[in-house]
Amino acid sequence: MELRHFYSFVAVAEELNFTKAAKRLQIAQPPVTRHIRDLEAELGVQLFERNSSRVFLTDAGRSFLNEARVVLQHVSQAMEAARQTGGGWAGTVRLGIARGLGDAVSRIMNDYLRLAPRVEIDVRDIPSGFQCDALVDRKIDVGFMRPPINSAQLVSAALFQEQFSVVLRKDSPLAKRKSLEVRDLANQTLLLIDRKMSPGVYDRTLALFRERGVEPKTVSTAALSGDEAGSILVDSGKGIYIAVGKNPIHPAFTDRLITLPLNDSAAVTDVHVVWRRDEQSRTTVDFVRFTRNGFPEKKLSKHDEELDMQSGGLMSSRVTSQSKRYRPKR
């Protein structure tokens with residue numbers, strides 16, 4: 001049984017005329033007659049009753065027509081899905097998102113899904129320090145993270161910068177300030193997360209204190225400031241955090257803790273979008289290109305030329321012209 005048998009059967013069943021069915025299918029009548037004969041032989045039932053002037057569906061034919069239409073509908077959907085996927089407008093993109101980047105990524109994702117609603121996006125919380133391995137191991141397709149990027153198999157592009165902030169108790173004398181400088185923190189205990197979680201932020205934080213001639217007392221912790229455990233540490237007077245990203249305080253502690261900007265030109269970190277250099281999925285490449293076009297303050301780089309080559313130049317004519325510009329809230 002072949003698909004052409006289904007097409008011929010449905011055409012004859014709906015036209016109740018072999019000549020009209022053949023014209024509708026744009027083929028000669030003999031093949032249509034042969035398809036129906038072969039179909040009836042394979043099924044072992046008669047699908048049509050024929051006389052010299054008319055064609056009628058049998059009860060078996062009426063039952064088979066309902067199912068044949070379903071089959072052809074599924075075939076049509078499968079073909080369209082294949083075309084959509086081949087054109088970069090369907091498929092699945094798995095995202096890894098570092099802590100505090102959810103607001104920026106959700107805006108990008110929502111704009112993209114309005115443009116490409118057939119694309120499925122899977123989102124996972126993955127610390128920056130673990131995203132490179134996740135990309136190389138193909139556990140995710142695109143990463144939103146803070147550098148460094150430690151694999152030659154990956155390509156990245158900077159999207160925007162984040163300012164460092166200080167998380168401390170509201171009853172701290174420093175909380176009365178509008179912003180803080182590194183020297184203001186000289187007598188504070190600095191809570192540091194495991195370097196594996198976010199090596200770039202960890203290294204930049206310590207370098208910032210060192211460059212300003214401040215040697216803080218540090219305490220290692222497994223909790224981030226935005227975790228309940230991290231906020232408990234600050235609230236209990238164990239120390240302060242140097243944080244990045246939005247909402248670095250757990251919601252349960254917003255009445256007791258405060259976030260103040262760290263006023264230093266070097267107290268910033270880049271946020272990158274990262275993908276595999278050998279990425280073959282046009283859907284993934286299109287999503288990355290869409291993301292890049294959402295940050296107009298960043299000039300196009302050689303990586304954008306690579307993306308254009310990977311996507312066959314499609315993004316230039318399709319997504320680029322329709323993407324909405326996004327500027328992260330500072």
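Are phenylalanine 144 and phenylalanine 287 buried or exposed? Both residues are buried, and the pair that they form is shown in Figure 4. All of the views below are taken from a predicted model.

**Figure 1. Overview of the predicted protein chain.** The chain has 12 helices and 12 strands. It comprises 330 residues, of which 45% are buried. Among the contacts with a separation of 6 or more, 73% are made by residues 24 or more positions apart. The following views show individual regions of this chain.

**Figure 2. Helix α3 and its contacts with helices α1 and α2.** Two packed helices are described by the angle between their axes and the distance between the axes. Helix α2 spans residues 18–25 and helix α3 spans residues 29–43; their axes come within 9 Å and cross at roughly 110°. Angles of 65 to 115 degrees count as roughly perpendicular, and α2 is therefore roughly perpendicular to α3. On the α2 side the contact is made by Phe18, Thr19, Ala22 and Leu25, which meet Gln29, Val32, Thr33 and Ile36 of α3. By class, this contact has 5 nonpolar residues, 3 polar residues and no charged residues. Helix α1, residues 3–15, also has its axis within 9 Å of that of α3, with a crossing angle of roughly 105°. These two helices, α1 and α3, are therefore roughly perpendicular to each other. Here Arg4, His5, Ser8, Phe9 and Val12 of α1 meet Val32, His35, Ile36, Asp38 and Leu39 of α3. The residues of the contact between α1 and α3 divide into 5 nonpolar, 3 polar and 2 charged.

**Figure 3. Methionine 1, in the segment before α1.** Methionine 1 is partly exposed, with a relative accessible area of 43%. Histidine 35 lies 34 residues away along the chain, and the C-alpha atoms of methionine 1 and histidine 35 are separated by 9.3 Å. When neighbours within four places in sequence are left aside, methionine 1 is in contact with Phe6, Leu39, Glu42 and Leu43.

**Figure 4. Aromatic pairs in the structure.** The structure holds 7 aromatic pairs, and two of them are described here. In one pair, the ring centres of phenylalanine 18 and phenylalanine 48 are 6.3 Å apart and the ring planes stand at 65°, so the pair is edge-to-face. Phenylalanine 18 belongs to helix α2 and phenylalanine 48 to strand β1, residues 48–50, so the pair ties together parts that are 30 residues apart in sequence. Both phenylalanine 18 and phenylalanine 48 are buried. In another pair, the rings of phenylalanine 144 and phenylalanine 287 have centres 6.4 Å apart and planes at 85°, so this pair is also edge-to-face. It links distant parts of the chain, with phenylalanine 144 in strand β5 (residues 142–145), phenylalanine 287 in helix α9 (residues 282–293), and their positions 143 residues apart in sequence. Ring pairs also link Phe6, Phe9, Phe18, Phe48 and Phe64 into a cluster.

**Figure 5. Threonine 58, in the loop between β2 and α4.** This loop joins β2, residues 55–57, to α4, residues 59–86. Threonine 58 has a relative accessible area of 10% and is therefore buried, since buried means under 20%. Not counting residues up to four places away in sequence, threonine 58 touches Gln46, Leu47, Phe48 and Glu49.

**Figure 6. Valine 105, in helix α5.** Helix α5 covers residues 102–115. Valine 105 is buried, with a relative accessible area of 2%. Valine 105 touches Leu95, Ile97 and Phe144, not counting residues up to four places away in sequence. Leucine 95 is 10 residues from valine 105 along the chain, and their C-alpha atoms are separated by 9.3 Å.

**Figure 7. The buried residues of helix α8.** In α8, which spans residues 228–235, the residues Gly230, Ser231 and Val234 are buried. They cover an arc of only 95° around the axis, which puts them on the same side of α8. An α-helix has 3.6 residues a turn, so residues three or four places apart point the same way. The buried residues of α8 pack against four strands: β7 (165–169), β8 (189–193), β10 (240–243) and β11 (257–261). Just after α8, glycine 237 takes a positive phi of about 85°.

How values were computed: Residues are numbered from 1 along each chain as its sequence is written. This is a predicted model: local features need pLDDT of at least 70, side-chain atom pairs count only at pLDDT 80 or more; totals for chains, interfaces and linings use all residues. Side-chain values use heavy atoms; hydrogens and water are left out. Axes are lines fitted to C-alpha atoms, for helices over the stretch in contact, and angles run from 0 to 180 degrees between N-to-C directions. Angles under 35 degrees count as roughly parallel, over 145 as roughly antiparallel, 65 to 115 as roughly perpendicular and the rest as oblique. Contact means heavy atoms within 4.5 Å. Ala, Val, Leu, Ile, Met, Phe, Trp, Tyr, Cys and Pro count as nonpolar, Asp, Glu, Lys and Arg as charged, and the others, Gly among them, as polar. Rings of Phe, Tyr and Trp (its six-membered ring) pair if their centres lie within 6.5 Å; planes under 30 degrees apart count as stacked, over 60 as edge-to-face and the rest as tilted. Buried means under 20% relative accessible area, exposed over 50%, partly exposed in between (1.4 Å probe, protein chains only). The arc is that of the directions from the helix axis to the C-beta atoms.
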